[in-house]
Amino acid sequence: MNLYVRFLIVLVTAFFRRALNPLDESVLDFRVWPTDLDVNFHMNNGRYLTIMDLGRVDLILRTGLGRMALKRKWSPLVGSATIRFRRSLDPFQRYRLKSRILCWDDKWFFIEQRFARQDEEVAVGLVKGLLRGRTGNIPTAEVLEALNLRIASPEMPSSIRLWQESEKSV
């Protein structure tokens, strides 16, 4: 139930917050609730991935991608995610999630999502995602064109290239 409430809050507030350009950062504030905890009484590792979904929802809606995708019957899909935990989040702590598109290739958008409490980074996640339509995956160039954007991808960080290389062997 807790996640549905958070989802609805993100969904509604996205319409009242300023629009974002594709390379802008989405920032959301949350608190660790008892339903987020694992047996060690800190935020469950799976919960981070779920909260990351909310960050991407905000990013998609505020960049205009959500409305455009809905109109064209495109669905956002995650192809892969990786996360590194640095510190734990304890019960009732406030934290911030920052989400941004780092870069893209012909098929994937690569999104960085950072968790922080106060000014201390506690986790960093990377997600690669795409949009899929009735006939299959939508190339990133087509997505950008549908948004009337004529921008090239920022340079792909070496960490993303290494991550993609490592997935080829799996």
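This is a guided tour of the structure, stop by stop, with a selection to make at each one. The model is predicted, and the residue numbers used below count from 1 along the chain as its sequence is written.

**Stop one: the largest pocket**

Begin by displaying the largest pocket, which has a volume of about 770 Å³. Of the 38 residues that line this pocket, the ones to select are Ile-60, Leu-61, Thr-63, Leu-65 and Gly-66, since they are the closest to its centre. If you then colour by secondary structure, the elements that give two or more residues to the lining are helix 1 (2–14), helix 2 (45–62), helix 3 (65–72), strand 2 (75–85), strand 3 (94–104), strand 4, strand 5 (120–133) and helix 4 (140–146). Which element gives the largest share of the lining? Helix 2 does, with 7 residues. Colouring by residue class instead shows a lining of 28 nonpolar, 5 polar and 5 charged residues.

**Stop two: Ile-60**

Stay with the pocket and select Ile-60, which has its place in helix 2. Ile-60 counts as partly exposed because its relative accessibility is 23%, and a residue is called buried only under 20%. Leaving out residues up to four places away in sequence, Ile-60 touches Leu-65, Gly-66 and Pro-76. Two distances can be drawn from the C-alpha atom of Ile-60: Val-78, 18 residues apart along the chain, is separated from it by 13 Å, while Ser-26, 34 residues apart along the chain, is separated from it by 9.5 Å.

**Stop three: strand 1 and Ser-26**

Follow the second of those distances to Ser-26, which is found in strand 1. Select the whole of strand 1 (residues 26–31) and compare its two faces: Ser-26, Leu-28 and Phe-30 make up the covered one, and Val-27, Asp-29 and Arg-31 the uncovered one. In a regular strand the side chains alternate between the two faces of the sheet. Strand 1 runs antiparallel to strand 3, and 6 bridges join the two; on this pairing, Asp-29 stands opposite Arg-96 in strand 3.

Now return to Ser-26 itself. Is Ser-26 buried or exposed? Ser-26 counts as buried, because its relative accessibility is 1%. The side chain of Ser-26 makes a polar contact of 2.5 Å with the side chain of Asp-58, and Asp-58 is also one of the residues in contact with Ser-26 beyond four places in sequence, a list that includes Gly-55, Leu-59, Arg-62 and Leu-97.

**Stop four: Gln-113**

Ser-99, another contact of Ser-26, leads to the next selection, since its side chain is joined to that of Gln-113 by a polar contact of 2.8 Å. Gln-113 lies in strand 4 (residues 109–117) and is buried, with a relative accessible area of 0%. Apart from residues up to four places away in sequence, Gln-113 touches, among others, Met-52, Gly-55, Arg-56, Leu-97 and Val-127.

**Stop five: Lys-128**

Finish at Lys-128, which lies in strand 5. Lys-128 counts as buried because its relative accessible area is 8%. With which side chains does the side chain of Lys-128 make polar contacts? One is that of Gln-164, at 2.9 Å, and another is that of Glu-167, at 2.7 Å. To show the surroundings of Lys-128, add the residues it touches beyond four places in sequence, including Leu-77, Val-78, Trp-108, Phe-110 and Trp-163.

Key
Predicted model: local features only at pLDDT ≥ 70, side-chain atom pairs only at ≥ 80, totals over all residues. Heavy atoms only, no water. Helix = DSSP H or I, 4+ residues; strand = E, 2+ residues; numbered from the N terminus. Buried < 20%, exposed > 50% of the residue type's maximum accessible area, 1.4 Å probe, protein only. Polar contact = N/O pair within 3.5 Å; in protein donor to acceptor, adjacent residues only side chain to side chain. Contact = heavy atoms within 4.5 Å. 1 Å grid on protein atoms, 1.4 Å probe; cavity = no way out; pocket = protein on both sides within 12 Å on 5 of 7 lines; lining within 4 Å. Points joined across faces, edges and corners; volume = space filled by probe spheres on them. Nonpolar A, V, L, I, M, F, W, Y, C, P; charged D, E, K, R; others polar. Pairing = 2+ DSSP bridges.
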